[in-house]
Amino acid sequence: MEIATYSNFRQNLKSYLDSILQTHAPLFVKRARGEDVVVMSKADYEGMQETIYLLSSPRNAERIEKALSEYNDKKGEAKQLID
């Protein structure tokens, strides 16, 4: 994960934002005074929020974990979608 100072981030804003969008890696911006911040793409943020929402229900989290386990153990079954 890349780390930048606030001044460097400000001076190179376009290149940092382009890199974030291309690599999907968040950027930590360190500030001399105040709390540091993390910069990430909107799509990555929305994906993270969706994951948090889906895992917020213990029952749903259990079902997702079970499905992932079955997939990893190659116990899944392919089905045709209805048109």
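Phenylalanine 9 and tyrosine 16 are both buried, where buried denotes under 20% relative accessible area, exposed over 50% and partly exposed the range in between, with a 1.4 Å probe and protein chains only. The model is a predicted one, in which local features need pLDDT of at least 70 and side-chain atom pairs count only at pLDDT 80 or more, while totals for chains, interfaces and linings use all residues. Residues are numbered from 1 along each chain as its sequence is written, and side-chain values use heavy atoms, with hydrogens and water left out.

A search of the whole structure yields 1 aromatic pair. This pair is formed by phenylalanine 9 and tyrosine 16 and is tilted, at 5.8 Å centre to centre and 40° between the planes; rings of Phe, Tyr and Trp (its six-membered ring) pair if their centres lie within 6.5 Å, and planes under 30 degrees apart count as stacked, over 60 as edge-to-face and the rest as tilted.

Three strands (DSSP runs of E, at least two residues, numbered from the N terminus) make up an open sheet in the order E1-E2-E3, with mixed pairing, two strands being paired if DSSP finds at least two bridges between them. Strands E1 (2-5) and E3 (37-39) stand at the edges, each with a single partner strand, so one side of each is left without a neighbour in the sheet. Strand E2 (residues 27-30) runs antiparallel to E3 and is joined to E3 by 3 bridges, and valine 29 has valine 37 in E3 as its bridge partner.

Methionine 1 lies in the segment before E1 and, at 66% relative accessibility, counts as exposed.

Terms used:
Helix = DSSP H or I, 4+ residues; strand = E, 2+ residues; numbered from the N terminus.
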